[in-house]
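This briefing sets out how the strands, helices and buried residues of the structure shown below are arranged. The points are grouped by topic for reference at the bench.

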Amino acid sequence: MTQFQVSLLRGINVGGNNRVAMPTVRRIYEQLGCTNVMTYVQSGNVILAADVDPDTLSPRVEAAIKLELGLAIRVIGRTRAELDRIVGADPYPRAEPTHHHVVFLSAPPLPQGLAALTEAAADGESFKVIDRDIHLYLPAGIGRAKLGQALIERRLGVIGTARNWRTVQQLHALCRPSATTMTG
């Protein structure tokens, strides 16, 4: 059954590293049988429809990117229903969108790692785990945060990719049949 979903490519087009053109990304997804493929901004956000779930599609995309571009890029996907839950469960509704981030994880976090994150939080920072994602509240911004993605991955032993709340909301809005008939 075809389902709308997003794929989040980790670490592309950031600081001049892992440069990937969005038309190339769209073509790779289309070659894998995805439809209604569009991208949002240049940082690896892909909205699409596919007959397979995100956990099946993500390794296929990783392999295709490695084969075609020679880059080892991690891909984490979420269905429209998962995005509905992420947005609906917003633990920081009054936060500035630039202070609220979601780290999309490759697997559920380990409880012992979460205790270490609690100890690392400083200067009003906090986090909330919802399913296999972590909502971060970073009042000083992500650039000065003690709760950074590297710390999260080291403590939890999983791969993650972060998006600010404004991007999460936009991806959620775009991940529906009428929105994905556009090309981006």
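One open sheet consists of four strands in the order E2-E3-E1-E4, paired in the antiparallel sense. The model is a predicted one. E2 and E4 occupy the edges of this sheet, and each has a single partner strand, so one side of each is left without a neighbour in the sheet. On average, neighbouring strands here are turned by 20° against each other, direction ignored.

**Pairing and helix packing in the sheet E2-E3-E1-E4**

- The antiparallel pairing of E2 with E3 runs over four bridges.
- Within this pairing, Tyr40 stands opposite Asn45 in E3.
- Helix H3, residues 80–88, packs on the sheet and touches E1 and E4. The direction of H3 makes about 85° with that of E4.
- Helix H6, residues 165–174, also packs on the sheet, where it touches E1, E2 and E3. The direction of H6 makes about 160° with that of E2.

**Nonpolar cores**

- The largest nonpolar core holds 19 residues, of which Leu9, Tyr29 and Leu48 touch the most other members.
- Two or more residues of this core come from each of helix H1 (22–31), strand E3 (45–50) and helix H2 (54–69).
- Leu9 has contacts with Val25, Tyr29, Ser43, Gly44, Val46, Ile65, Ile73, Arg74, Val75, Thr161 and Arg163, when residues up to four places away in sequence are not counted.
- Another core, of 16 residues, lies apart from the largest one; Ile47, Ala49, Phe104 and Leu171 are among its members.

**Helix H1 and its surroundings**

- Met22, Thr24, Val25, Arg26, Ile28 and Tyr29 are the buried residues of H1.
- The cover over these buried residues includes strand E1 (3–9), strand E2 (35–40), E3, H2 and strand E4 (75–79).
- Gly33, just after H1, takes a positive phi of about 95°.

**Ser58 in helix H2**

- Ser58 belongs to helix H2. Its relative accessible area is 6%, under the 20% limit, and Ser58 is therefore buried.
- A polar atom of the Ser58 side chain lies 2.9 Å from the backbone oxygen of Pro54.
- With neighbours within four places in sequence left aside, Ser58 is in contact with Val75, Ile76 and Gly77.

**The sheet E6-E7-E5-E8**

- A further open sheet has four strands in the order E6-E7-E5-E8, with antiparallel pairing.
- Strand E6 (126–130) and strand E8 (160–164) are at the edges; each has a single partner strand, so one side of each is left without a neighbour in the sheet.
- The average turn between neighbouring strands of this sheet is 25°, direction ignored.
- E6 pairs with strand E7, residues 133–137, in the antiparallel sense over five bridges. In this pairing, Leu136 in E7 is the bridge partner of Phe127.
- E6 and E7 form a hairpin with two residues between them, and Asp131 in the turn has a positive phi of about 60°.
- Strand E5, residues 100–105, also pairs with E7 in the antiparallel sense over five bridges. Here His101 stands opposite Leu136 in E7.

**Strand E7 and His135**

- E7 is mostly covered, with four of its five residues buried.
- His135 is part of strand E7. Its relative accessibility is 0%, and His135 therefore counts as buried, the limit being under 20%.
- The side chains of His135 and His100 make a polar contact at 2.9 Å.
- Leaving aside neighbours within four places in sequence, the contacts of His135 are Ile86, Pro91, Tyr92, His100, His101, Val102, Ser126, Phe127, Lys128, Ile130 and Trp165.

How values were computed. Residues numbered from 1 in each chain as written. Predicted model: local features only at pLDDT ≥ 70, side-chain atom pairs only at ≥ 80, totals over all residues. Heavy atoms only, no water. Core = buried A, V, L, I, M, F, W, Y, C linked by side-chain atoms within 4.5 Å. Buried < 20%, exposed > 50% of the residue type's maximum accessible area, 1.4 Å probe, protein only. Contact = heavy atoms within 4.5 Å. Pairing = 2+ DSSP bridges. Axes fitted to C-alpha atoms, helices over the stretch in contact; angles between N-to-C directions. Polar contact = N/O pair within 3.5 Å; in protein donor to acceptor, adjacent residues only side chain to side chain.
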